[in-house]
Amino acid sequence: MFHYIIGKITERGHDYLAVETDSGLAYLLTVSNPFHFAIGEEGKFYCHEVYGENDHYLAGFRSKEEKECFLDLISVKGIGPKTALSALGGTTPEELRLAIEGGNVSFLKKLPGIGPKAASQIVLDLKGKLLEAKEKEAVATTPYLGARDALLALGFKAKEVDKAIAGLPTGLKEEEAIYEALRSLRK
């Protein structure tokens, strides 16, 4: 399993890049739009290994967010890896997430490989789930997790608690964080 490859682009085709690592080994990555990359460009390329009945290849992505969007898309009934890669070639991860959360089927239908039925299925399967994943990621990186849990146990809503904790200075003890957050919540 590959997470990412660091190297330099040595070749580019209609749907692939060859990325050569320092060891001299080159990896062939199937990408959504190879012409967004330049020959000689060095960087980190996130990967997902695709196994299919007749396929076995590495899908490559410029960012972790793009890879996450790809994984979200292939989790949708009827959307395969090739369709997901094509669709990503016509948008950015942020635009895609906004369209899905907003239920914007007309935007999704304009993406390569996505028809009306697939666009509706994407919204049906992913709407709300993308925000939940972002919120969980944000909570995992929140300072004062103990204070957050204590305030939630007192019956405060998660959004209010997160806002109060976000306004706290760093370096407080857990008890001080709870006290300061309670002061903020009472306002």
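**Notebook: salt bridges, cores and helix 5**

I looked up Arg-62 first: at 38% relative accessibility, Arg-62 counts as partly exposed (buried is under 20% relative accessible area, exposed over 50%, partly exposed in between; 1.4 Å probe, protein chains only). The model is predicted, so local features need pLDDT of at least 70 and side-chain atom pairs count only at pLDDT 80 or more, while totals for chains, interfaces and linings use all residues. Residues are numbered from 1 along each chain as its sequence is written, and side-chain values use heavy atoms, with hydrogens and water left out.

**Salt bridges**

I took a salt bridge to be a side-chain nitrogen of Lys or Arg within 4 Å of a carboxyl oxygen of Asp or Glu. By this rule I have 5 salt bridges on the list.

I asked which residue pairs with Glu-41 in a salt bridge. The partner is Arg-62, with the closest N and O atoms 2.9 Å apart. The two sit in distant parts of the chain, 21 residues apart: Glu-41 in the loop between strand 3 (26–30) and strand 4, and Arg-62 in the loop between strand 5 and helix 1. Helices (H or I, at least four residues) and strands (E, at least two) are DSSP runs, numbered from the N terminus. Glu-41 is partly exposed, because its relative accessible area is 22%.

Next I went to Glu-68, which forms a salt bridge with Arg-97, closest N and O atoms 3.7 Å apart. This pair also links distant parts of the chain, from Glu-68 in helix 1 to Arg-97 in helix 3, 29 residues apart. Arg-97 has a second salt bridge, to Asp-72, at 4.0 Å from N to O. Here the link again runs from helix 3 to helix 1, with Arg-97 and Asp-72 25 residues apart. I noted Glu-68, Asp-72 and Arg-97 as one network of salt bridges.

Is Arg-97 buried or exposed? With a relative accessibility of 11%, Arg-97 counts as buried. Its partners have other values: Glu-68 is partly exposed at 26%, and Asp-72 is partly exposed at 23%.

**Cores**

I then looked for nonpolar cores, meaning sets of buried Ala, Val, Leu, Ile, Met, Phe, Trp, Tyr and Cys residues joined through side-chain atoms within 4.5 Å. The largest has 25 residues, and Phe-70, Leu-73, Leu-96, Leu-108 and Ile-122 have the most contacts inside it. Two or more residues come from each of strand 4 (42–51), strand 5 (56–61), helix 1 (64–74), helix 2 (81–88), helix 3 (93–101) and helix 5. Apart from this core lies another, of 11 residues, including Tyr-144, Leu-151, Leu-168 and Leu-185.

I listed contacts (heavy atoms within 4.5 Å) for two core residues, leaving aside neighbours within four places in sequence. Phe-70 touches His-48, Val-50, Ala-59, Phe-61, Pro-81, Ala-84, Leu-85 and Leu-88. Leu-73 touches Ile-79, Ala-84, Ala-87, Leu-88, Leu-96, Ile-122 and Leu-126.

Leu-73 is found in helix 1. I filed Leu-73 as buried because its relative accessible area is 2%. I also looked up a separation: Leu-73 and Arg-148 are 75 residues apart in sequence and 32 Å apart in space, C-alpha to C-alpha.

**Helix 5**

Which residues of helix 5 (residues 116–126) are buried? I found Ala-119, Ile-122, Val-123, Asp-125 and Leu-126. In an α-helix, residues three or four places apart point the same way, because there are 3.6 residues a turn. After helix 5 comes Gly-128, with a positive phi near 90°.
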